[in-house]
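Me: I would like a close look at a single part of this model, the surroundings of its ligand. Please take the sequence and structure below as the starting point.

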Amino acid sequence: MAAENIKSLKHNLALVEQGALLSNLFLRLDIAIFEYDNGVFCALSSLPDWFDNLYCQQMAAGSGLANDGYHLEEAFPFIENFLFDAKKIWQKNTDDEIKSGIWTETPDPLNELNLEAIAMRCGERSLLLIVNETKHFDIRRKVFQRARDLALSNERLESSLYLHQRQLHLQIEDLYQKNQSFDEIQNNIQDESTAILICKQDGSVELFNKALIDIYAISKDQTPPQKSLLKKWSEEAEKQYPEIRRILATGQHWEGEFETEDDHQRKKWVRMMIAPMKSDDDSLEHFVCIANDISNIKLSEREIERLIQLDPNTHLPNRRYFWNQLNELVALNKKTGTCLGLIYLDIDHFKQVNNELGPEKGDQLLKTVANRLRQSLKKDDFVAHLGGDEFAVIIDNVDDEYMMSEIAMRIQENIARDVVFDDLTMNVTLSMGIAMYPKHGIKPHILVKNADYAMYHAKELGRNQYRITSPELHQKVKHKIQIEQGLKTALEKNEFRLLYQPQISLGSKGEFRMEALIRWHHPEHGTVSPADFISVAEESGLIIDIGRWVIETACEEAEKLNKAGYNAKVSVNVSAKQFQNGQLVSEVEHALNNYRIDAEQIELEVTESLFLHNLENIQKQLNELKDLGVTIALDDFGTGFSSLSYLKKLPIDILKIDRSFISELPDNQHSRTIVESVISMSHQLGIKVIAEGIEEQTQLDYLKELDCDYVQGFLFHAPMSSQDLIQLYQSIAPIKNKASRTKKLSNS
Ligand code: C2E
Ligand code: MG
Ligand code: MG
């Protein structure tokens with residue numbers, strides 16, 4: 001029994017000693033430790049002097065050390081909210097802890113304490129620690145201060161570089177607009193300390209200055225630079241900006257910083273601006289590249305970056321942080337065999353807000369979007385501001401695409417609320433692209449590229465939506481960008497051809513008529529159909545040049561046929577953009593004169609969509625064309641709004657019934673009614689009718705019954721080359737005496 005007692009005494013003594021040791025330790029560590037029990041805080045060990053003093057002071061001298069424990073909420077209003085969260089932790093059955101973050105108390109004017117509270121659930125016990133972080137805080141503050149100073153000076157440097165590059169760009173653009181020559185630009189930039197290069201889209205050099213040679217250590221016998229620097233730069237920048245190729249391919253403006261290699265394989269950091277130089281008709285002619293060596297800034301930035309990786313405006317992780325995180329998470333998911341989802345987001349019409357309302361409002365909008373993004377996501381989801389109006393979200397450990405769609409929809413819903421700026425309310429929307437690891441790429445940069453393509457596609461589809469990437473979509477967008485890029489040089493490289501599809505008269509014999517249809521012989525994709533590139537050409541404005549070429553070539557063909565003895569009529573498709581441009585009439589006139597052909601030999605095919613534009617102006621141009629002697633056909637009739645009132649108002653000579661109605665003849669009652677009434681009504685108005693896309697004999701028979709004037713379709717001939725066309729004419733109507741069939745040229 002005595003032995004038992006002695007054992008228990010020793011045990012208690014050990015506990016007391018342990019308690020004394022811990023108490024001592026807490027004092028040394030400057031920690032005040034309390035146990036929370038039934039709404040009361042009790043000190044678990046002796047409290048440090050600073051705490052006693054502060055507590056007495058806060059609780060009006062003496063009253064704080066009451067028997068009913070410490071009134072910490074009252075003494076430290078700063079932690080009142082924190083204690084609300086702490087109580088939740090203390091109710092848990094599992095160990096957990098939260099921290100309050102550092103707050104400052106000033107017991108006297110010369111003394112400042114930096115404190116942090118930590119609430120812990122430890123076994124069955126609820127503990128609150130108040131830690132004096134003053135010493136550490138001082139050190140941390142100094143580090144932060146240094147980082148901030150460095151960042152500020154870098155920021156100043158960077159923003160002056162940014163401004164300088166912008167000014168240079170404006171200056172160059174101005175000189176170019178004035179003279180359309182590079183000579184004066186060369187004189188102006190020769191001694192500029194910022195590197196400048198002007199090149200074509202394929203990288204071939206127009207001009208450069210000495211600073212470029214210096215940065216890139218290009219030797220004298222290598223000037224002008226032998227390889228395409230534009231290509232090299234976009235490959236280098238692509239590691240951080242996978243969207244750069246798309247941006248340049250579509251002739252847009254790009255700015256960024258990336259690591260580059262000079263001619264001696266030395267690594268450097270440059271800040272670069274690549275801006276398109278466009279001609280009067282908005283087609284891309286050159287890129288001007290403006291670059292500064294920012295290796296020094298980058299060196300000190302690396303130091304800062306470990307501390308500050310946040311965007312200063314939105315306080316979201318920046319691009320660099322995003323890449324670190326993505327690399328890390330991809331590696332982690334690879335190990336665990338789990339999936340990861342990436343969303344690339346872009347604010348719709350942000351440039352417009354920035355330009356029209358100013359950069360301050362732009363920043364405000366970015367902040368709002370950042371906050372709404374944060375609210376739409378869970379604590380562990382990662383959201384970054386990549387720069388400009390681009391954001392990215394990484395969702396770790398996702399189940400499937402369905403889950404990503406749900407997140408994208410939640411974001412969409414959260415974002416689509418009005419943003420109020422003082423006196424202005426605007427609606428904000430996003431376009432989003434989604435890619436999944438490993439399904440859409442196992443390398444981070446492929447993943448990002450895929451998400452970016454999907455985002456671009458979402459924008460193209462009309463914005464305010466999300467798209468999940470797929471190999472087909474990737475291919476489609478890539479193809480479209482290649483088309484866009486290729487179109488810009490297709491005319492120069494003589495890659496277009498016209499084919500001709502005969503239109504057969506069901507009434508008179510010996511009439512030669514055909515429609516000119518464009519084809520593009522793409523060096524990689526082979527023959528591209530107009531359905532795949534005309535809309536792109538229209539969007540980019542290139543249709544103006546292409547359309548002019550079509551008119552010229554069609555007139556050249558008419559002249560060739562005249563010479564072969566066939567007085568033929570060539571029908572040419574023209575787009576609404578050509579009318580908007582205002583040059584169409586003079587271009588037609590020029591081509592007629594150039595090839596010395598009769599205006600009646602040319603017909604212009606327009607679609608109903610043309611009448612949606614300024615109708616008065618269109619009417620005026622159509623009348624001018626009519627005055628020249630050119631005839632007008634209304635193409636694809638039935639597919640637009642098919643308003644018959646235009647037929648009366650506008651000088652239409654011929655109406656082309658769309659293939660979609662003809663293909664359903666003669667069985668479909670609906671199509672029969674339409675075709676019948678269109679033909680009879682047109683005839684009443686003195687307008688002739690062409691039926692398009694005849695493929696079957698039954699269709700032809702039916703159209704003959706209805707008294708249709710002309711037919712065109714594969715049943716007779718597919719579109720053919722100029723050579724084949726002449727051979728065809730020679731086979732059906734051999735010319736014995738050329739002069740007898742050649743119409744006397746009116747203007748010869
Ligand atoms: P469109 O003006 O309605 O031309 C008729 C289209 O139908 C042509 O397609 C022609 O090859 C096709 N076609 C003709 N007969 C048949 C047939 O029996 N069956 C079928 N399935 N198709 C038939 P294509 O050449 O691919 O041209 C498509 C469209 O591209 C044209 O439709 C026109 O809107 C546009 N386009 C073609 N060339 C030019 C051009 O030089 N300028 C402009 N702005 N647009 C053009
Ligand atoms: Mg047509
Ligand atoms: Mg048509």
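How far does a polar side-chain atom of Glu515 lie from an oxygen atom of ligand 1? Please go on from there to the rest of the shell.

Reply: In this predicted model, the distance between a polar side-chain atom of Glu515 and an oxygen atom of ligand 1 is 2.9 Å. Two further polar contacts can be set beside that of Glu515: a polar side-chain atom of Arg659 lies 3.0 Å from a nitrogen atom of ligand 1, while Phe714 takes part through its backbone, a polar atom of which is 2.8 Å from an oxygen atom of the ligand. With the protein in place, 82% of the 800 Å² of accessible area that ligand 1 has on its own is covered.

Around the ligand as a whole there are 21 residues, and the closest of them are Arg519, Asn573, Asp635, Glu695 and Phe714. Phe714 thus appears both among these closest residues and as the source of the backbone contact described above. By character, the shell divides into 8 nonpolar, 5 polar and 8 charged residues.

As for where these residues come from in the fold, at least two are supplied by each of β20 (512-522), α17 (530-540) and β24 (631-637). Of the elements that contribute, strand β20 provides the largest share of the shell, with 4 residues. The numbering places Glu515 and Arg519 within the span of β20, and Asp635 within that of β24.

Conventions:
Residues are numbered from 1 along each chain as its sequence is written. Chains are lettered from A and ligands numbered from 1 in the order in which they are written. This is a predicted model: local features need pLDDT of at least 70, side-chain atom pairs count only at pLDDT 80 or more; totals for chains, interfaces and linings use all residues. Side-chain values use heavy atoms; hydrogens and water are left out. A residue is near a molecule or strand if one of its heavy atoms lies within 4 Å of it. A polar contact is a pair of N or O atoms within 3.5 Å; within protein, one must be able to donate a hydrogen and the other to accept it, and residues adjacent in sequence count only if both atoms are side-chain atoms. Accessible areas come from the Shrake-Rupley method with a 1.4 Å probe; for residues, only the protein chains shown count as cover. Ala, Val, Leu, Ile, Met, Phe, Trp, Tyr, Cys and Pro count as nonpolar, Asp, Glu, Lys and Arg as charged, and the others, Gly among them, as polar.
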